[in-house]
Amino acid sequence: MEIVAWTLIIGLFIIAFVGLIYPIIPSVLFLLGGFIVYGLFNSFSELPWWFWLIELLFVALLFVADTVSNLVGVKKFGGSKAGMWGSTIGLLIGPFVIPFAGIIVGPFLGAIIGELLVDRTDFKKAVKVGVGSVVGFLTSVATKGVLQVIMIVIFFIAI
C-alpha cells in the first residue's frame with residue numbers, strides 16, 4: 001500500500017510541475033493533493049501544524065506571484081489592461097493551438113492583439129508589450145518553480 005501512496009504522491013508532484021508550463025493545470029492544488037494523499041495513507045498527525053501553516057502561506061504566495069509577475073511584465077514594458085488580458089488569454093489558449101511553442105507564442109500574440117485592438121497602440125509598442133508578457137510569464141514560471149521546490153522540501157522535512 002505504501003508503494004501506491006508514494007506513486008500517487010510523486011505523480012501529483014510531477015503534475016504540479018507540468019502545471020508550470022501549462023497554466024490550465026492548477027499546480028498548487030496538485031501539491032496540496034500530494035500532501036493530503038500522504039495524510040490519508042499514513043496519518044495526518046505526522047504532518048505538524050507548522051507544516052500546514054507554512055504550506056498555506058506558500059499557496060497564497062504562489063497565487064500572488066503568478067498574478068504579480070504577469071502584471072509587472074506587461075506594465076513594465078508599457079502595456080495596458082488590454083495587454084494583460086490578452087496575454088492571459090493567449091497563455092491559456094496558446095498551448096492548445098500550438099503545442100509546446102504556444103506557451104511562449106500565445107501570451108506574446110495575445111498581448112499584441114489586446115494592445116492593437118483595444119488600446120489602439122502602434123505596432124512597435126504592442127510588440128514591446130508582447131515581449132513584456134513573455135518576460136512576465138517566464139519570471140512567473142521560475143518563481144513558482146522555486147516556491148514549489150521549497151514546499152516539497154518542507155514536506156520531506158516535516159515527515
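**Group meeting: a six-helix chain**

Let's start with one residue. Glu55 touches Phe35, Met151, Ile154 and Phe155, leaving out residues up to four places away in sequence. Keep in mind that this is a predicted model.

Where does Glu55 sit? It is found in helix H3, which covers residues 49-76. Is Glu55 buried or exposed? Glu55 is buried. Yet Glu55 has no salt bridge. The nearest side chain of opposite charge is Lys144, and that is 15 Å away.

Now step back to the whole chain. How many helices and strands are there? The count is six helices and zero strands. Read from the N terminus, the elements run α-α-α-α-α-α. The C-alpha trace spans about 60 × 30 × 20 Å along its principal axes.

Next, burial and surface. The chain has 159 residues, and 43% of them count as buried. The accessible surface comes to about 8,600 Å². Carbon and sulfur atoms hold 80% of that surface.

What about contacts along the sequence? Take the contacts with a separation of 6 or more. Residues 24 or more positions apart account for 66% of these.

Charges are quick. The chain has 8 positive and 7 negative charges. Their mean positions are 19 Å apart.

On to the aromatic rings. How many aromatic pairs are there? The count comes to twelve. Here is one of them: Phe44 and Trp52. Their ring centres are 6.4 Å apart and their planes meet at 40°. Why is this pair called tilted? Planes under 30 degrees apart count as stacked and planes over 60 as edge-to-face, so the rest are tilted. At 40°, the pair of Phe44 and Trp52 is therefore tilted.

Both residues of that pair are partly exposed. Phe44 has a relative accessible area of 37%. For Trp52 the value is 23%.

Phe44 and Trp52 also belong to one aromatic cluster. Its other members are Trp6, Phe13, Phe35, Tyr38, Phe51, Phe155 and Phe156. Look at Phe35 and Phe155 again. These two cluster members are also among the residues that Glu55 touches.

One last residue: Ser87. It lies in helix H4, residues 81-97. Why does Ser87 count as buried? Its relative accessible area is 2%, and buried means under 20%. Which residues does Ser87 contact, leaving aside neighbours within four places in sequence? They are Asn70, Val74, Pro107, Gly110, Ala111 and Ser133.

So we end with two buried residues, Glu55 in helix H3 and Ser87 in helix H4. Have a look at both in the structure above.

Notes
Residues numbered from 1 in each chain as written. Predicted model: local features only at pLDDT ≥ 70, side-chain atom pairs only at ≥ 80, totals over all residues. Heavy atoms only, no water. Helix = DSSP H or I, 4+ residues; strand = E, 2+ residues; numbered from the N terminus. Buried < 20%, exposed > 50% of the residue type's maximum accessible area, 1.4 Å probe, protein only. Lys, Arg positive; Asp, Glu negative; His and termini not counted. Salt bridge = Lys/Arg side-chain N within 4 Å of Asp/Glu carboxyl O. Contact = heavy atoms within 4.5 Å. Areas by Shrake-Rupley, 256 points an atom, 1.4 Å probe, with all protein chains shown as cover. Charge placed at Lys NZ, Arg CZ, Asp CG, Glu CD. Phe/Tyr/Trp six-rings, centres within 6.5 Å; stacked < 30°, edge-to-face > 60°.
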